[in-house]
Amino acid sequence: MTNERPPDEVIIAHERIAYERGVADGYAEALEEMKDKERPQGEWLDRNSGCIQWIRCSICNKHQDYRAKTNFCPNCGADMRGTRK
């Protein structure tokens with residue numbers, strides 16, 4: 001029995017699988033850490049500027065388009081599922 005080296009394509013495929021598993025493990029760890037942290041409770045505050053409507057995060061004061069209202073602030077991660085003024 002000889003110790004032949006597998007083809008490069010097989011080696012590359014195995015390395016890619018190992019890399020992707022590592023990335024997935026990293027995401028899983030990050031998600032677990034996020035679960036343990038308490039997010040600040042914020043709310044979207046209306047801000048009208050002429051014909052443009054904006055909403056502002058009550059925690060970090062960053063503005064975004066009114067139509068882009070989300071459940072979490074994309075800037076600071078505050079939970080915005082509460083009431084809106």
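Exposed means over 50% relative accessible area, buried means under 20%, and partly exposed lies in between. I keep these cut-offs at hand for the entries below. The model I am reading is predicted.

**Entry: the charged pair**

I looked for salt bridges first. The count comes to 1. The partners are R81 and D79, whose side chains meet at 2.9 Å, N to O. I then checked how each partner sits. R81 has 54% relative accessibility, so R81 counts as exposed. D79 has a relative accessible area of 12%, so D79 is buried. The bridge thus joins an exposed residue to a buried one.

**Entry: the overall layout**

I listed the elements next. The protein chain has 1 helix and 3 strands. From the N terminus on, the order is α-β-β-β. The chain has 85 residues, and buried residues make up 14% of them. I noted the surface too. About 7200 Å² is exposed, and carbon and sulfur atoms supply 51% of that area. I also looked at contacts with a separation of 6 or more. Residues 24 or more positions apart account for 30% of these.

**Entry: the nonpolar core**

Which residues make up the largest nonpolar core? I found 6 residues: W44, I55, C57, C73, A78 and M80. In soluble globular proteins, nonpolar side chains tend to be buried together. I followed A78 outward from the core. Leaving aside residues up to four places away in sequence, A78 touches P40, G42, I59, N71, F72 and C73. C73 is listed both as a core member and as a contact of A78.

**Entry: the cysteines**

How many disulfides does the structure hold? I found 0. C57 is in no disulfide, and its nearest cysteine sulfur belongs to C60, 3.7 Å away. Why is there no bond between C60 and C57? A disulfide needs the two sulfur atoms within 2.5 Å, and 3.7 Å is too far for a bond. I compared their exposure as well. C57 is buried, with a relative accessible area of 0%. C60 has 22% relative accessibility, so C60 counts as partly exposed.

**Entry: a loop residue**

I ended with N61. N61 lies in the loop between strand 2 (52-57) and strand 3 (63-65). Its phi is near 65°, a positive value in a residue other than glycine. Is N61 buried or exposed? N61 has a relative accessible area of 41%, so I put N61 down as partly exposed.

Technical notes. Residues numbered from 1 in each chain as written. Predicted model: local features only at pLDDT ≥ 70, side-chain atom pairs only at ≥ 80, totals over all residues. Heavy atoms only, no water. Salt bridge = Lys/Arg side-chain N within 4 Å of Asp/Glu carboxyl O. Buried < 20%, exposed > 50% of the residue type's maximum accessible area, 1.4 Å probe, protein only. Helix = DSSP H or I, 4+ residues; strand = E, 2+ residues; numbered from the N terminus. Core = buried A, V, L, I, M, F, W, Y, C linked by side-chain atoms within 4.5 Å. Contact = heavy atoms within 4.5 Å. Areas by Shrake-Rupley, 256 points an atom, 1.4 Å probe, with all protein chains shown as cover.
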